[in-house]
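Hi,

Here is the structure I promised to pass on. Have a look at it first, and then read on for what turned up.

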Amino acid sequence: MEEQIQNVRNKLIDKGLIGLMIFIFPALIISVSRIIEIGWNWIYFLHFILAFAAILIYIYRSILSVEIKTHCICTLFLILCFTSSLKFGISAGGSSYLVPITLSTLIFGKRTGFVYFIISITGLYLITVIQSFKIIQTDIDFNVYNHNLTTWLNLIFTLTFIMLIVIYSIGQFYKLFTQNIKELLEKSIEQEISQQELKKSDELLKEQNEELTALNKEYRNAKEKAQENEKYIRLIANNLDNCMIYQVVILDENQRRFTYISDTISKFFGCTAEEAIANADLIYGRIHHEDIARVQKEEIQALNKMSVFKTEMRSIGPNGNTRWVQLISSPRLYNGLIYWDGIEIDITQQKIAEREREELLVQVITARDEEFKAKELLNSIMERVSDGIVAFDADFNYNYVNTHGGDLLSRKPDDLTGKNYWIEYPEARNTPFANAYVRAMETQQPIFFEDYYVHWDRWFVNRIYPSKEGITIFFSDITARKKAEAEIIAAKEKAEKNEKVLLIKNEEYEALNEELKQTNEELNYAKEKAEESDSLKTAFLLNMSHEIRTPMNSINGFTQMLIKPDLSDEKRKKFSSIIINSSKQLQSIVDDILTISTLETKQEKIILEPVNLNFILSELHTIFKLQAESKQISLFAKPQLTDNQSEIFTDKTKTIQILSNLIGNAIKFTQNGFVEFGYELIAEKHGRESLQSIQFYVKDSGIGINPEMQTQIFERFVQVETGYTRLFGGNGLGLSISKGFVELLGGRIWVESEPENGSSFYFTIPYNPCLKLDNTISTTKNAQLKTVLVAEDEENNYLFIEELLIDMNLRLIHAKNGQETVEICKSNPNIDLILMDIKMPIMDGNVAAKKIKEFRPDLKIIAQSAYTFEQYREKYHENVFDDYTEKPINEIELKQKVMKYFDK
């Protein structure tokens with residue numbers, strides 16, 4: 001800044017010095033004029049030399065410093081002042097040079113100008129004293145000077161020239177001064193702004209440096225802890241006897257590399273961890289060739305979902321022996337590469353034990369006495385079937401005839417049971433029916449056909465199912481249908497014969513022909529539906545036979561084992577439990593069959609009573625929680641209305657059974673992920689009116705349903721899986737019963753699903769509230785049952801809190817992240833208290849608590865975290881929670897804090 005000011009000052013001084021030189025020109029012009037006019041004179045020659053020196057200074061001003069130019073110009077003015085005063089007197093013009101000397105005090109500075117001004121005044125004063133004593137006489141002739149024409153012209157020219165130069169010099173001086181000052185101020189402002197920015201940047205860098213220093217310290221501490229944890233984990237991993245811990249990274253599609261393997265690898269694969277890390281094929285090359293494709297497919301599926309990969313496979317040991325192992329690993333993305341962290345467990349002994357149990361189970365299932373007992377149970381079911389059913393043994397003796405079958409054969413079932421077919425019906429030999437029975441027995445292949453039985457003048461359709469013990473025949477009388485078809489054919493033939501004769505009535509016959517075609521199509525459609533129904537019934541009966549035999553085998557087998565005298569108490573209790581569970585399973589199957597029967601015969605009735613939907617959801621959550629936990633599935637129940645609003649008139653038993661069927665199916669068909677159920681209040685249009693309904697939903701992340709099966713699964717006897725390779729049990733009646741109940745209650749049921757992406761089942765029932773309330777949700781709280789929202793992303797932590805508060809008569813709702821917690825609070829104002837975990841995915845507890853306090857400032861929130869209260873205050877600087885509890889949670893402390901807010 002000072003250097004810039006000095007540069008501006010020097011430029012002003014330079015311009016000022018050049019401007020002051022105009023005062024030399026009068027002396028130059030007058031001196032030249034006088035020399036021409038009067039001849040040689042030393043004073044005029046001296047003036048000329050001084051003017052020439054001033055011109056040289058102007059010419060070489062760029063190479064002279066400001067100080068030199070200043071002193072040279074001032075010295076010239078002093079010489080001119082003193083010589084003019086000595087020669088012509090002070091009054092003659094010498095004193096006029098005091099003007100540039102005075103101006104120099106403004107341009108050159110106080111010191112330089114003041115010194116030259118004092119010197120000039122002192123010199124003029126001495127010259128005046130000398131002239132007053134007549135020591136020196138002046139030579140000027142004022143009379144001549146004043147009346148000389150040349151002098152006047154020179155004087156006028158000189159004054160005019162000086163005036164113009166002075167005006168121009170003042171303008172240039174002002175322009176230079178304003179421009180330089182403006183530039184100087186702009187640069188000064190820019191420098192101040194730049195300095196402020198530099199200062200802010202410096203402060204920001206200091207803060208970042210402090211943060212980096214703190215982070216570096218945390219990193220070093222974390223690194224030291226990680227190294228200690230790694231040593232501890234390695235010690236544990238190397239001490240595990242039947243499992244191996246590993247970490248592998250996927251470098252590309254065909255290349256992998258192990259980054260860590262526990263030392264137990266030598267027992268499994270006969271190589272060291274260092275050798276396996278150097279060559280991954282020492283492990284991957286040992287996978288049994290029949291399991292490679294399956295394992296790769298399952299691993300890709302898990303990788304696409306970034307979910308846990310769990311499978312079983314065979315591995316070749318170092319001695320060439322085959323062993324079974326279980327792989328459990330989870331993927332994670334780090335620096336653009338995918339890492340698998342997993343464990344390999346040797347389950348060879350477990351597989352051997354499972355094989356032995358399967359062999360024992362097969363022996364129990366194949367026992368003859370169980371088959372006869374199962375038949376006794378099937379009698380009650382087969383009596384309800386509309387078809388005739390006959391069972392022959394290998395010698396064609398009647399083992400079983402149902403009532404409808406006896407009616408079709410015109411005999412009582414008891415009269416035929418135990419008797420021989422060929423003796424009772426000798427006329428049947430060599431008929432298509434008898435030949436088909438013999439062929440099915442010989443080939444052991446099912447036969448389906450229809451034919452005319454001459455002896456009875458009736459048509460029958462037969463479905464023959466063979467087994468090693470004999471054959472089972474399902475047959476129906478289709479004589480009426482056949483006669484209708486014959487009548488149609490005869491009418492068609494008659495119409496064709498009379499077509500030529502009855503040309504006038506051609507249009508009428510064409511209309512009749514169209515009617516006959518439509519009737520034929522309807523009959524064909526009815527035939528197809530009947531055949532489809534027969535096929536479904538057949539599949540249902542086969543499935544029912546399997547479903548009933550399974551619990552019956554367990555009941556009969558383990559009942560006989562209970563008779564053994566040397567049976568231990570532990571096994572006796574275990575076998576009794578199996579018998580009880582199998583009995584319940586068998587009872588459930590029979591109940592479903594009876595229920596579907598009452599639905600078909602329109603005998604099922606509804607019983608309207610006050611029902612609290614929130615309590616039903618809570619009870620179902622408790623019932624199915626253990627089943628979900630056994631499969632490691634998260635189970636959520638989400639009501640929308642308050643307890644008062646959720647109390648409606650409906651059939652409680654049927655509502656519970658519908659939800660139970662849907663929730664049970666969701667858990668059964670979900671291997672990992674979640675199952676969520678709840679309801680919401682919606683408006684449905686019924687004609688021109690808009691009525692309120694309760695829409696229930698059950699969502700899961702299971703195997704999903706193909707689009708072509710989504711409309712069929714609600715039909716009777718239909719299942720998503722069929723055949724002998726079914727992975728999931730069931731009799732195929734649950735959804736059909738649920739549909740029947742929903743329609744009885746005045747609602748509808750449907751499903752939305754995609755294969756491998758889960759399913760969402762919905763059904764509606766009318767909303768008939770016990771209390772007439774507004775559509776808006778009431779904020780009245782149930783004084784009997786307090787509602788606590790537990791925001792916790794870890795399922796085990798939520799289960800622990802639930803167990804701690806189980807005896808406090810509370811209704812708990814589970815939220816797995818902060819965003820879900822905010823949404824539940826917005827939709828359910830009946831919540832009395834929130835237990836908020838601070839560290840959660842999607843939205844942490846601190847942010848969620850702030851958002852909740854914005855629309856429910858009076859709602860009490862208790863924070864729970866591994867931080868201490870002081871650490872929490874330092875980390876977040878703002879406390880939005882009403883209370884705080886540290887992890888691990890103390891039971892007494894938690895209950896005291898919960899009761900503190902409920903007692904207010």
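Before the contacts, one definition: a polar contact is a pair of N or O atoms within 3.5 Å, where within protein one must be able to donate a hydrogen and the other to accept it. Please also keep in mind that this is a predicted model.

With that in hand, start at Asp651. The backbone nitrogen of Lys654 sits 3.1 Å from a polar atom of the Asp651 side chain, and for the backbone nitrogen of Thr653 the distance to a polar atom of that side chain is 3.2 Å. Asp651 itself is in the loop between strand E13 (647-650) and helix H23 (652-668). Its relative accessible area is 2%, so Asp651 is buried. Lys654 turns up again in another role: it lies over the face of Phe741, 5.3 Å from the ring centre.

There is another side-chain-to-backbone contact at Asn612, which belongs to strand E11 (residues 609-612). A polar atom of the Asn612 side chain lies 3.1 Å from the backbone nitrogen of Phe615. Asn612 has 12% relative accessibility, which puts it under the 20% limit, so it counts as buried.

Now the salt bridges. How many does the structure hold? The count is 21, and here are some that link distant parts of the chain:

- Glu290 and Arg314 form a salt bridge with their closest N and O atoms 3.0 Å apart. Glu290 is in the loop between helix H11 (281-284) and helix H12 (292-305), while Arg314 is in strand E3 (residues 309-316), 24 residues apart. Glu290 is exposed at 52% relative accessible area, but Arg314 is buried at 18%.
- Glu802 and Lys625 meet through their side chains at 2.7 Å, N to O. This pair joins helix H25 (residues 795-804), where Glu802 lies, to helix H22 (residues 613-630), where Lys625 lies, with the two positions 177 residues apart in sequence. Both count as buried, Glu802 at 14% relative accessibility and Lys625 at 18%.
- Asp882 and Lys860 make a salt bridge at 4.0 Å, N to O. Asp882 comes from the loop between helix H28 (869-876) and strand E22 (883-886), Lys860 from strand E21 (residues 860-865), and they are 22 residues apart. Asp882 is partly exposed at 29% relative accessibility, and Lys860 is partly exposed at 29% as well.

Glu290 and Arg314 also belong to a network of salt bridges, together with Asp291, Arg294 and Glu298.

On to the rings. A pair of aromatic rings is described by the distance of the centres and the angle of the planes. The model has 26 aromatic pairs. In one of them, the centres of Phe392 and Phe396 are 5.8 Å apart and the planes meet at 50 degrees, so the pair is tilted. Phe392 is buried, with 3% relative accessible area, and Phe396 is buried too, at 8%.

Tyr679 and Phe696 are also a tilted pair, at 5.9 Å centre to centre and 55 degrees between the planes. Tyr679 is in strand E14 (residues 673-686) and Phe696 in strand E15 (residues 689-700), so the pair ties together parts that are 17 residues apart in sequence. Tyr679 is buried at 2% relative accessibility, as is Phe696 at 1%. There is also a lysine over a tyrosine ring: Lys699 lies over the face of Tyr697, at 5.0 Å from the ring centre.

What about the surface? A nonpolar patch there has about 1000 Å² of accessible area together, and its residues include Val32, Ile36, Phe45, Phe52 and Ile63. Helix H2 (25-38) and helix H3 (42-59) are the elements that give two or more residues to the patch, and H3 gives the most, with seven. Ile49, one of the patch residues, lies in H3 and is partly exposed, with a relative accessible area of 39%.

Finally, two C-alpha distances. Ser827, in helix H26 (residues 818-827), is 8.2 Å from Leu641, C-alpha to C-alpha, though they are 186 residues apart along the chain. Ser827 is partly exposed at 31% relative accessibility. Pro707, in the loop between E15 and helix H24 (734-744), is 45 residues from Glu752 in sequence and 8.8 Å from it in space, again by C-alpha. Pro707 counts as exposed at 54% relative accessibility.

Cheers

Technical notes
Residues numbered from 1 in each chain as written. Predicted model: local features only at pLDDT ≥ 70, side-chain atom pairs only at ≥ 80, totals over all residues. Heavy atoms only, no water. Phe/Tyr/Trp six-rings, centres within 6.5 Å; stacked < 30°, edge-to-face > 60°. Buried < 20%, exposed > 50% of the residue type's maximum accessible area, 1.4 Å probe, protein only. Helix = DSSP H or I, 4+ residues; strand = E, 2+ residues; numbered from the N terminus. Lys NZ or Arg CZ within 6 Å of the ring centre and 35° of its normal. Patch = residues over 30% accessible without salt bridge, like charges linked within 9 Å, V, L, I, M, F, W, Y side chains within 5 Å. Areas by Shrake-Rupley, 256 points an atom, 1.4 Å probe, with all protein chains shown as cover.
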